Each structure stands twice: as C-alpha cells, then as structure tokens.
Amino acid sequence: GDERGLRALPRSFWEGILDTLGAKILDATSSASMDGYILSESSLFVSRVRMMLLTCGSTVLLRCLEALLAGFRTQGLEVEWLQYSRKNFTYPWLQPGPHTSLAAEYTVLHRQVPGGSPFILGPLDGDHFFLYLYDAIERPGTEERDQLCQLIMYGLGGAAQAGALAADATTVNSPATATIRRTTGLDRLFA
C-alpha cells in the first residue's frame, strides 16, 4: 500500500463516507502528520495509521463502518485496533437505526469487526458508556507507548452553549471557537 496510509485516501473518499452519516465537511486543515476536518455535528482526524471520527447530534456513525473498512482495504490496510464508544443517549427513542439499542449497535460492530468485546461502564438506568473494543495489535514483549485520553463533555450551558451555536463556531480560528475554548477550559488544557 501507499506509505501515506490513510492519508492517501482522497477527500472524495471521506466525503462519501460522511454522506452515509448525513455529515458534511465545513472546513479542513492539515499538518505534516494529520488532516483535520470540521464537520456538521462532528470532527474527523486522519493520520497515516489512525483515524478518529467524533460525532454528536443526529450523526449515524455506524452506517459508515462497512464502507470505511472497505476503503481501508483498498489501501492494503488492516484494522488492528478499533474503539467505538458513546454515552447513553439523552433521547434514545429518537435515534435512527442502527443506534436504536445496544444490541443493534453490537450486531453491526460484531458483523463488521468480529473479535471485539462489548462493555458497559456505569448503570444501565443512569449515565453510562457503551464501549466496543477490538485489539489485534501484536505486542512482542515491548512496552505499550500509545495512550488514549478522552475528554467528554455534555450538558453544557451558558456561554459555552451559546458559543457553540454561533454562526462562525465551525471555523477553526474564529472568535466563537476561541470563546468555546475559553469557557469550557480547553484553552488551559492544551496550552
């Protein structure tokens, strides 16, 4: 495959994947090691060997999984590690398929990426996270150096919520984006 890995996939590939979710690319930026896309209700980050798709709202993430994995195979890439996680839905009865239940999500994940394991963190009748984890990374006696840190925010109110609804909040360096970073504390976290 191409030494650029996932970054060799053209923007048209990502646009096709995002169409299956009902998401559109609003803005994009690139560095030497990563491409970043601001999406309607989402964000997409693509490096040579990793991609991360963060969604919210009515984005139907699992609808793209089959096409996404097929695209990876066209580049000669295999999935070694996959994590799907989400907080319980605020309005579960409004979710479109396959996000109608944990069982339906698990069925899609297990069919597309067999060998993964499902986990539920927290009480089913309260705030909880559903996690599906597939790990086929071979670690021959080496120390693991990859680390994952997730910062998940929900129920934002006041200035943070108002900033997120501003017309220019989807532009990376806009005043609204700076306000969101300041009111949520992200500016201090990544300073």
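In this predicted model, helix α3 covers residues 102-112 and lies across three strands, β5, β6 and β7. The helix runs at about 15° to β7. Those 3 strands form an open sheet. Their order is β5-β7-β6, and the pairing is antiparallel. Two strands, β5 (81-87) and β6 (117-121), stand at the edges. Each has a single partner strand, so one side of each is left without a neighbour in the sheet. From one strand to the next, the twist averages 15°.

Strand β7 spans residues 129-135 and is joined to β5 by 7 bridges. The two strands run antiparallel. Tryptophan 81 stands opposite aspartate 135 in β7. In a regular strand the side chains alternate between the two faces of the sheet.

A salt bridge is also formed between arginine 86 and glutamate 105. The closest N and O atoms of this pair are 2.8 Å apart. Arginine 86 lies in strand β5, while glutamate 105 lies in helix α3. The two residues are 19 apart in sequence, and the pair links distant parts of the chain. Are arginine 86 and glutamate 105 buried or exposed? Both are buried.

A search of the whole structure finds 5 salt bridges. Side chains of opposite charge can pair when their charged atoms come close. Another of these pairs is arginine 7 with aspartate 35. Here the closest N and O atoms are 2.6 Å apart. Arginine 7 lies in the segment before α1 (11-21), and aspartate 35 lies in strand β2 (residues 35-39). The pair therefore ties together parts that are 28 residues apart in sequence. The partners have their own accessibility values. Arginine 7 has a relative accessible area of 22% and is partly exposed. Aspartate 35, at 11%, is buried.

A further salt bridge joins glutamate 15 to arginine 11. The closest N and O atoms are 3.1 Å apart. Both residues lie in helix α1. They are 4 residues apart, about one turn of the helix. Glutamate 15 counts as partly exposed, at 35% relative accessibility. Arginine 11 is partly exposed too, with a relative accessible area of 41%.

Strand β2, which holds aspartate 35, pairs with β3. The two are joined by 5 bridges and run antiparallel. Glycine 36 has phenylalanine 45 of β3 as its bridge partner. The strands form a hairpin with 2 residues between them. In the turn, glutamate 41 has a positive phi of about 70°.

Strand β3 covers residues 42-46. How many of its 5 residues are buried? The count is 4, so the strand is largely enclosed by the rest of the structure. Strand β3 is also joined to strand β4 (residues 51-55). Again 5 bridges connect the strands, and the direction is antiparallel. Valine 46 stands opposite methionine 51 in β4. A hairpin of 4 residues joins β3 to β4.

Helix packing was examined next. Two packed helices are described by the angle between their axes and the distance between the axes. The axes of α1 and helix α2 (residues 65-74) come within 9 Å. They cross at roughly 160°. Since angles over 145 degrees count as roughly antiparallel, α1 and α2 are therefore roughly antiparallel to each other. Their crossing is right-handed. On the α1 side, the contact is made by Phe13, Trp14 and Ile17. On the α2 side, Ala67, Leu68, Gly71 and Phe72 take part.

Helix α2 also contains leucine 69. This residue counts as buried, at 6% relative accessibility, because buried means under 20% relative accessible area. Which residues does leucine 69 touch, not counting residues up to four places away in sequence? They are Val79, Gln112 and Val113. Valine 79 is 10 residues from leucine 69 in sequence. In space, the two are 7.9 Å apart, C-alpha to C-alpha.

Notes:
Residues numbered from 1 in each chain as written. Predicted model: local features only at pLDDT ≥ 70, side-chain atom pairs only at ≥ 80, totals over all residues. Heavy atoms only, no water. Pairing = 2+ DSSP bridges. Axes fitted to C-alpha atoms, helices over the stretch in contact; angles between N-to-C directions. Contact = heavy atoms within 4.5 Å. Salt bridge = Lys/Arg side-chain N within 4 Å of Asp/Glu carboxyl O. Buried < 20%, exposed > 50% of the residue type's maximum accessible area, 1.4 Å probe, protein only. Parallel < 35°, antiparallel > 145°, perpendicular 65-115°, else oblique. Left-handed = near helix turned anticlockwise from the far one by under 90°.
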